[in-house]
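Please work through the exercises below with the sequence and the model side by side, trying each task before reading its solution.

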Amino acid sequence: MPERNVDVFGVEPLPKEIDTVIIGVDPGVTTGVSVIAYNSRDFPASPGEVPFWGSSQKSYGGSGNVSDIVGGPMVEQRIARSIADIALCLVDRPDVRIIFAIEDFIIRKVNTSRDFLAPVRITSGILQEITGERFKNRKIEVSIQAPSDAKVVCKDERMNTWGFTIKTQRDRHSRDADRHSVLCLRYLMEKRNRSFSAIETS
């Protein structure tokens, strides 16, 4: 079972042997962030075997925990920058593969409130940061994921079985970010398994 051993917004770098980091993002007024990290030579056989994991969230609304609240001017830009900075704080080597797995935003109803488009602004802020000068020597990839895929593949029952527990119900956005990082890991696992199958049959 994975342990919650990564301080997502901390400054403590991951161990040197880590060469792959997945950063799951559930953007919005409360933005959930999840980090999964491992060494590709010891590729996890299942999501429950990842050696490093942590999740958190930041909010400028009322849907998170009190400790998650971010205030002040340009709050969305600052949240987006802090999420991008995870890739710089947790990893200090340019050769580490970093994948941002971000939930896509699909309009399904008419809504004129400013908060409605918060996911778009947070996502665009992250993309602006990670394509900027500070990240030019980093191995950055982006995976935009459908919300339905994450919820179907990474149902609560499966997440709990794999060991990705939710702290409290007010941390549901960090749980959704966990879904996206785990979904990305599952894609990588499937791709790896197909590669090995092709080798064995060739």
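**Exercise 1.** How many residues has the largest nonpolar core, and which residues have the most contacts inside it?

*Solution.* The model is a predicted one. Its largest nonpolar core has 32 residues, and those with the most contacts inside it are Leu14, Val21, Ile23, Phe100 and Ile126. As a next step, assign the core to elements: at least two residues each come from strand S1 (20–26), strand S2 (30–38), helix H1 (75–89), strand S4 (97–103) and helix H2 (118–130). Of these, H1 gives the most, with 7 residues. A second core, separate from this one, holds 19 residues, including Ile36, Val50, Ala150 and Trp162. Finally, take leucine 14 as a single example: leaving aside residues up to four places away in sequence, leucine 14 touches Val6, Val21, Ala37, Phe52, Leu90 and Val91.

**Exercise 2.** Determine how S2 is paired with other strands, and whether its residues are buried or exposed.

*Solution.* Begin with S1, which pairs with S2 in the antiparallel sense over 7 bridges; the two strands form a hairpin with 3 residues between them, and threonine 20 stands opposite tyrosine 38 in S2. Then turn to S3, which pairs with S2, also in the antiparallel sense, over 8 bridges, and in which tryptophan 53 is the bridge partner of isoleucine 36. For the last step, follow the side chains: Thr30, Gly32, Ser34, Ile36 and Tyr38 point one way from S2, whereas Thr31, Val33, Val35 and Ala37 point the other way, and all are buried. This agrees with the count for the strand, in which 9 of 9 residues are buried.

**Exercise 3.** Find where methionine 74 lies, and decide whether methionine 74 is buried or exposed.

*Solution.* Methionine 74 sits in the loop between strand S3 (52–59) and H1. Its phi is positive, about 50°, although the residue is not a glycine. Most residues other than glycine have a negative phi. For the second part, the relative accessible area of methionine 74 is 58%, and since exposed means over 50%, methionine 74 is exposed.

**Exercise 4.** Describe the largest pocket through its volume and its lining.

*Solution.* The largest pocket contains about 520 Å³ of space. It is lined by 20 residues, of which Asp26, Pro27, Glu103, Phe105 and Pro119 are the closest to its centre. Sorting the lining by character gives 8 nonpolar, 3 polar and 9 charged residues. Sorting it by element, helix H3 (147–153) and helix H5 (172–201) each supply at least two residues, and the largest share, 3 residues, comes from H5.

Note on methods. Residues numbered from 1 in each chain as written. Predicted model: local features only at pLDDT ≥ 70, side-chain atom pairs only at ≥ 80, totals over all residues. Heavy atoms only, no water. Core = buried A, V, L, I, M, F, W, Y, C linked by side-chain atoms within 4.5 Å. Buried < 20%, exposed > 50% of the residue type's maximum accessible area, 1.4 Å probe, protein only. Helix = DSSP H or I, 4+ residues; strand = E, 2+ residues; numbered from the N terminus. Contact = heavy atoms within 4.5 Å. Pairing = 2+ DSSP bridges. 1 Å grid on protein atoms, 1.4 Å probe; cavity = no way out; pocket = protein on both sides within 12 Å on 5 of 7 lines; lining within 4 Å. Points joined across faces, edges and corners; volume = space filled by probe spheres on them. Nonpolar A, V, L, I, M, F, W, Y, C, P; charged D, E, K, R; others polar.
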